[in-house]
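Colleague: Could you take a close look at the disulfides for me, please? I would like to hear how each pair you can describe sits in the chain, and a word on a sheet would be welcome too.

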Amino acid sequence: MHALRTGAAFGLAALFLLLIPGTAKTGSQVTVATDDTTYAACGRVFSDPHAYWPSSAQSAGRSPFAKGNAACAAKDFISYSDMVSGLSYLEGLFPRFVEFYRLEQDFGAGADCASTVSLTAYCSAGLPRQGVPNQRVRSDLYMVRVTDESVSDKGKKLFVFPLSIHGIERAGAEAGVRATEDLSTWAACEAKVAGPLVNCAREGAIPHPLMETTPSASVTAGDALRRTAIYFVFPNPDGWRRGDIDNLARFYQRYNGNGVDANRDWPSLGYTFDPYTPWSEPETKGFGKVLKQIRGKWDGGIDLHGQLIDRAFSFTLLGASERNYAKNQRILQTVKGAWQDAEARLSWSPVIKPNDAAQDDPRLYGVQWGTVWDTIDYTTTGALGDWIDSPLGLDADGIDNEMSMSHISNCGVGSCYLTDFEQLHVDGNKSLVYAMVNYTLQPEDTAFRVPGKVAYVYSPKVLENSGRLVTIPKSRKLQPQAPIHTQLTPANDFTHTFTIKGTADNVFNGGVEAKATPVNVAAVSGFSLTKLSLERYRFGEATPEDGGCNADDDNWEVVNQYYNQSSIYLQAGQAVHGNMPLPGVYRVCLTGGLATQIAASGGSVELDITFSKQKAWEDPGQKPYRVTNMKFFDDLNQQMSANQLVKVTSDDVLSGAVDLSAFTSVVVADEALPGYSEQPPAGAAQPSEVYEPPAKAAATAPCAWPTSPALPPTCYADYEFDVNPAFNNQQLTVRLTAPDTGVNDWDLYVERQSRITGEWFQVGKSASSSSVEATTLLTPPAGHYRVRIINWSGTVPPSKLEILFSNVYAGPPIAPSTRTSADAQAWGAKLRAYAEGGGNLVLTDGALRNLAHMGVVGRSLINTFSAYAGYIGFTRDGQTDTYSDALAHNVNQPGAAEGDQHRHQTYEPVPIGYAIQDEDGADFNSSPIWAVDQIAWEQLGGRTVGTTTADQATLGELRLGSGKVRIIGALLPMPTEQYYHPFGLANYSLTYTGYQVLQNALTP
Ligand SMILES: [Zn+2]
């Protein structure tokens, strides 16, 4: 899912435009068998890059798992039409096992995608093509199902594997079609129904194990297809077809034809980035609807992506959602099984190093697995893998995967076919697909084992919303308004003003979509330097005064703006969407000065405005929810022994009705004492600092860090400052402004210095490819900080650096306290007596405040602050790890990814509503962390096992009397309603590390 940054593709656009004629090829260099003669000659429909048959053995340094005859070895990417004809032939070869679906014909109204303008047809958005009727070439949408159709579907486990949703990431599609062929071939051979053309002897063992490297741990292919139905889907035809050689140029596209990232377009529980307008695109809406129609609840799925290159060849990313412990264990079994299989399956390649090789060994690790943030260092909303995982989506075990050298510029410019890497893509993705199917069919151990009886303190707090749904009135007789086709040109200032009608005019519009298509070459253009906007004229004004397109001024309200993730993909299409548009005057316009508009669009933009009965995007208004982090304990109880986990109330503890000493462990999660609340501090924030211009930054030279091993001193500039505890600093925003040109990339890091070692710890960053970089921290802890500005590929110096403090409280509403500080002291005394009497007291998140109520440390030494996601760094000093500590047991598992400074994410921000972006898309750090001052903690004799930023202890233990208190500062916060969450909220979002740390803490 990696978005390529500008720096990595420096000058790509200019180079590409020069290269178009040279890259045009005729004729495919891939042999896909679509008739009996070719199939007989090749041995497979889709022969592998390392195909070596009929030789009986593969040569050294090449994949022993490759299929097909050497004469047909693939030398290029499979094209969209190759995929269609190859899978059609495969369906004829193995009709009992393969069902190839064309969505509009099999699930829709049967419209012709080449000509339909319907927003609900199962067709792609359409690849831009100037001069073609409707300006777009819409494609049919396909998926293929592999199962044993002689066995009833009832009770079968269902899996979905989306292939190359980002068109430039070919690894998924290359592997998926070949996995389809493996499964159907092996199952047909096993059932002895393969036709005379199929050489079953050539396939090795029949029945064939799914896991070719560990046959003894594997189901057979025939068994797997009797018990499962496996769907491979092709969600991005436009992005794929732009790179096919019959489209003139080898320049695959991340986006669909509307210039929209389909992997940001899926609805999901929790925080949602508004500009993504979930389910606005026909591909996502179409596949989503069809998959949900097949069955409401699926078993698993992996969204197969690519990336340029990283420390590991492949990253397996666990999706973000509310996962109970059973689901956590099931997914771990799959990813660890896939990891183990891949370690063996990829070892033929000289570029892959074993898991125990040194970090500075220049080869790549095979596979690492972890949360999205632990692997690729950012996370996102609207991803397909999360939708697969979400109860709003397929409610299955959802995973994403990234494979290296499967991205634009994998060989310099464009996407090159690198034979050895393509074989690794095929092998690695088969490993994932087969491991998920195999391990889901095998039982796993889902018992949460800790000793003794465990009490948790119940908090009655819930977040509740009865919802406000946006629904389209049903059985409307009225038809939507007629479509509008026009042009945006210099003559009309790239603005088209029109009227949206209503029921008074005998029309009904549920949705409106405006699609723009500029002059382009094979769907490549510089159009992405402009931004399309749909705006509504506000009522009550005599004449629409123009504050400028995209100004969102008093006169024109922006309904929807094209979200421009990056201009480097040279997308030629843009689209904007609105729902239930009120009748009135509207306009569609492009931003950018006239010169930019002309240069970027070729001077003329085709504009299609289409109206629909249905919503144009899946705006739910506000879905209802009722959530509490206490649900975590209800769910955990299911995985523990009967009567082992007991709910206690603070009232019963305070009154003596419950004696805590009956419990081996007591957990207080987040709410320190239910009913007791603290008011936020009053007073002014410290003065802001502004550098205009930041002269030191301007004097740096570009270095495209971190592709080079060390950061050269000429590449960055530091601005140091202090966060002063004498002020009321509720928010800190650091913002760097640089002029927006095609390539001008500056990155921003905010770091805080350890008072113990002097080591710097990153607390925030903004490293997008846009001109403004900003990051916000809530209640930053006092200390010495620095802003580090890195000149990635700066072409124009930044104009301003702002270090802004605010005293505006940004946390959740605080209810008036129903308890006194005497209550809090009595409560603290009870907890202290429990620990001193030999108990194991576990305090998580906001419950760390009990250390003050217990009289262990002063309240001022307990800090709360925000991070990008909930995490613990398994280090005391920023350098050495603490993995050997009992509280860190099993955190550092074989193949597990870690972030900087031994960081492991403990909870996911998005499902429980914590924002990861501000309204402009810059990093926003809102996930709450609670910590004890590490120096004070250790002076008391406390052991620090984990920290979150410098000298803030978030995992550790302090002996008290004959017992102990343990802290976990980031685990189970209450969800938040502070940020946009139209699809509702999850109750909790522990990661696998979160579960592990809790289990360790509950093991005295
Ligand atoms: Zn991707």
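**A close look at the disulfides**

Modeller: Happy to. C715 is a good place to begin: its relative accessibility is 0%, so this cysteine counts as buried. Please keep in mind that the model is a predicted one. C715 is bonded to C703, with 1.9 Å from S to S. Both cysteines of this pair sit in the loop between helix 16 (695-698) and strand 28 (716-723), and the link spans twelve residues. C703 is buried as well, because its relative accessible area of 17% falls under the 20% cut-off.

In total, the structure holds five disulfides. Another of them joins C113 and C123, whose sulfur atoms are 2.0 Å apart. Here too a single loop holds both cysteines: C113 and C123 lie between helix 4 (103-106) and strand 2 (127-128), so the bond ties together parts that are ten residues apart in sequence. The torsion about this S-S bond is about -80 degrees, which means that the disulfide is left-handed. As for burial, C113 has a relative accessible area of 2% and is buried, while C123, at 0% relative accessibility, is also buried.

The pair C411 and C416 gives another picture. Their sulfur atoms are joined at 1.8 Å, and the torsion about the S-S bond is about 50 degrees, so this disulfide is right-handed. C411 counts as partly exposed, at 35% relative accessibility. Its partner C416 is partly exposed too, with a value of 26%. Neither cysteine is called buried, because that word is kept for values under 20%.

Now for the sheet. Four strands form an open sheet, ordered 16-21-18-19, with antiparallel pairing. Strand 16 (495-500) and strand 19 (556-561) are the edge strands; each has a single partner strand, so one side of each is left without a neighbour in the sheet. From one strand to the next, the twist averages 30 degrees. At the strand 16 edge, the partner is strand 21 (residues 584-590), and six bridges join these two antiparallel strands. If you would like one position to find on screen, try T499, whose bridge partner in strand 21 is V585.

To draw the disulfides together: C703 and C715 are buried, as are C113 and C123, whereas C411 and C416 are partly exposed.

Technical notes:
Residues are numbered from 1 along each chain as its sequence is written. This is a predicted model: local features need pLDDT of at least 70, side-chain atom pairs count only at pLDDT 80 or more; totals for chains, interfaces and linings use all residues. Side-chain values use heavy atoms; hydrogens and water are left out. Two strands pair if DSSP finds at least two bridges between them. Axes are lines fitted to C-alpha atoms, for helices over the stretch in contact, and angles run from 0 to 180 degrees between N-to-C directions. A disulfide is a pair of cysteine sulfur atoms within 2.5 Å. Buried means under 20% relative accessible area, exposed over 50%, partly exposed in between (1.4 Å probe, protein chains only).
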